[in-house]
Amino acid sequence: MIIQYETSKYMEETKEFEIEDTKHVFLKGTNPYDGLPTYFGIWNNNNTLVIVTIISYRNISYERWLNTNLHTENDIKKYLKCNNNVKKITRNEFKEQIEHIRSIIEI
């Protein structure tokens, strides 16, 4: 079977998003493929740097770095580039999503 489809034409544009502290940021966006929410957080925890991404309640990415002086701008740029309607959220809003995921995978 031959399936015909049209490819979309991508247009590059530059956008700006203000972040006060690149080592302490919590964001919420929308997955462009399914319209479900995505969450992104960077924070210090027990002298480590933690980076967590939750995509559409089904994909979780977790990184923990012993060096808290790492540059996180590229991680933030990647999240902003791959998600729509990104806005800042509070640490507690992000924590609620972590608790929701934890309840799903609890054994």
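## A walk from Glu73 to the second largest pocket

Start by selecting Glu73: partly exposed means between 20% and 50% relative accessible area, so at 35% relative accessibility Glu73 counts as partly exposed. Keep in mind as you click around that this is a predicted model. Glu73 sits in helix α1. Now add Thr22 to the selection. Thr22 and Glu73 are 51 residues apart in sequence, yet their C-alpha atoms lie 6.6 Å apart in space.

**Next stop: the strands.** Select β2 (37-45) and β3 (48-55). These two run antiparallel and are joined by 8 bridges. Show Asn44 and you'll find its bridge partner in β3, Leu49. The β2–β3 hairpin has 2 residues between the strands, and Asn46 there takes a positive phi near 50°.

Stay on β3 and bring in β4 (59-65). This pair is antiparallel too, with 7 bridges. Two pairings to display: Val52 has Tyr62 of β4 as its bridge partner, and Thr53 stands opposite Ser61 in β4. The hairpin formed by β3 and β4 has 3 residues between the strands, and Ser56 in the turn has a positive phi of about 55°. Is β3 mostly covered or not? Colour it by accessibility: 7 of its 8 residues are buried.

**Now the inside.** Select Ile19, Val25, Leu27, Phe40, Ile42, Leu49, Ile51, Ile76, Tyr79 and Val86, and you have the largest nonpolar core, 10 residues in all. At least two residues of this core come from each of β1 (25-30), β2, β3 and α1. A separate second core has 9 residues, among them Phe26, Tyr39, Val52 and Phe94.

Zoom in on Ile42 from the largest core. Leaving aside residues up to four places away in sequence, Ile42 touches Thr22, Lys23, His24, Val25, Phe26, Leu49, Val50, Ile51, Thr72 and Ile76. Thr22, where you were earlier, is one of them.

**Last stop: the second largest pocket.** It holds about 290 Å³ of space. Of its 15 lining residues, select Thr53, Ile55, Lys78, Tyr79 and Cys82, the closest to the pocket's centre. Tyr79 should look familiar, as it belongs to the largest nonpolar core. Which elements each supply at least two residues of the lining? They are β2, β3, β4 and α1 (73-82), with α1 giving the largest share, 4 residues. Colour the lining by residue type to finish: 7 are nonpolar, 5 polar and 3 charged.

Methods
Residues numbered from 1 in each chain as written. Predicted model: local features only at pLDDT ≥ 70, side-chain atom pairs only at ≥ 80, totals over all residues. Heavy atoms only, no water. 1 Å grid on protein atoms, 1.4 Å probe; cavity = no way out; pocket = protein on both sides within 12 Å on 5 of 7 lines; lining within 4 Å. Points joined across faces, edges and corners; volume = space filled by probe spheres on them. Nonpolar A, V, L, I, M, F, W, Y, C, P; charged D, E, K, R; others polar. Core = buried A, V, L, I, M, F, W, Y, C linked by side-chain atoms within 4.5 Å. Buried < 20%, exposed > 50% of the residue type's maximum accessible area, 1.4 Å probe, protein only. Contact = heavy atoms within 4.5 Å. Pairing = 2+ DSSP bridges.
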